[in-house]
Amino acid sequence: MKKVKSISKLKKELWKLFSLFVRNRDGYKCVTCGRIGSGGGMHAGHFITGATCGAQLYFDEKNVHAQCYHCNINLSGNWVMYEKFMLQKYGESVVNELKLRRTLEMGQKVDSVWYEEKIAHYSQLSTP
């Protein structure tokens, strides 16, 4: 019988795969300062902060980009430069949509099936 994983374990597992995908996608280059990093020196930083968004926005590819430790942690996301990057990359309508989704999706829960589907998706993307 397959052991059922808790939502928190599934979220951790997905974050590991998703953040690796993001850092690879962005070439380990910080979107806010341009620094090139590797390994733990490069994070996957949230535009709409992870502490204030629901799971769907937390794992949205448009909301998460490579950021160096300094910008993500020491500068609390380097928000002014992050927004400038977002406006240049996606445009005002996408930036506004992400901001609105933060409010609309706050408190929404996703089930284990949602996490398992995302884990399967990002596992495939990281397999050579």
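Lys 99 has a relative accessibility of 31% and therefore counts as partly exposed, since that class lies between the limits of 20% and 50%. This value, like those that follow, was computed from a predicted model. The partner of Lys 99 in a salt bridge is Glu 83, and their closest N and O atoms are 2.6 Å apart. Because Lys 99 belongs to helix 5 (residues 92–105) and Glu 83 to helix 4 (residues 79–90), the pair ties together parts that are 16 residues apart in sequence. Glu 83, in contrast to its partner, is classed as buried because its relative accessibility is 16%, and buried means under 20%.

A further salt bridge is found within helix 5. Here Glu 105 pairs with Arg 101, with 2.6 Å between the closest N and O atoms. These two residues of helix 5 are four residues apart, which corresponds to about one turn of the helix. Glu 105 and Arg 101 are both buried. The pair also belongs to a network: salt bridges with shared partners join Asp 60, Arg 101 and Glu 105.

Another salt bridge links the side chains of Arg 25 and Asp 26, with a distance of 2.8 Å from N to O. Arg 25 counts as partly exposed because its relative accessibility is 32%, whereas Asp 26, at 18%, counts as buried.

How many salt bridges does the model contain by this rule? The count is five, and among them are the pairs Lys 99 with Glu 83, Glu 105 with Arg 101, and Arg 25 with Asp 26.

Conventions:
Residues are numbered from 1 along each chain as its sequence is written. This is a predicted model: local features need pLDDT of at least 70, side-chain atom pairs count only at pLDDT 80 or more; totals for chains, interfaces and linings use all residues. Side-chain values use heavy atoms; hydrogens and water are left out. A salt bridge is a side-chain nitrogen of Lys or Arg within 4 Å of a carboxyl oxygen of Asp or Glu. Buried means under 20% relative accessible area, exposed over 50%, partly exposed in between (1.4 Å probe, protein chains only).
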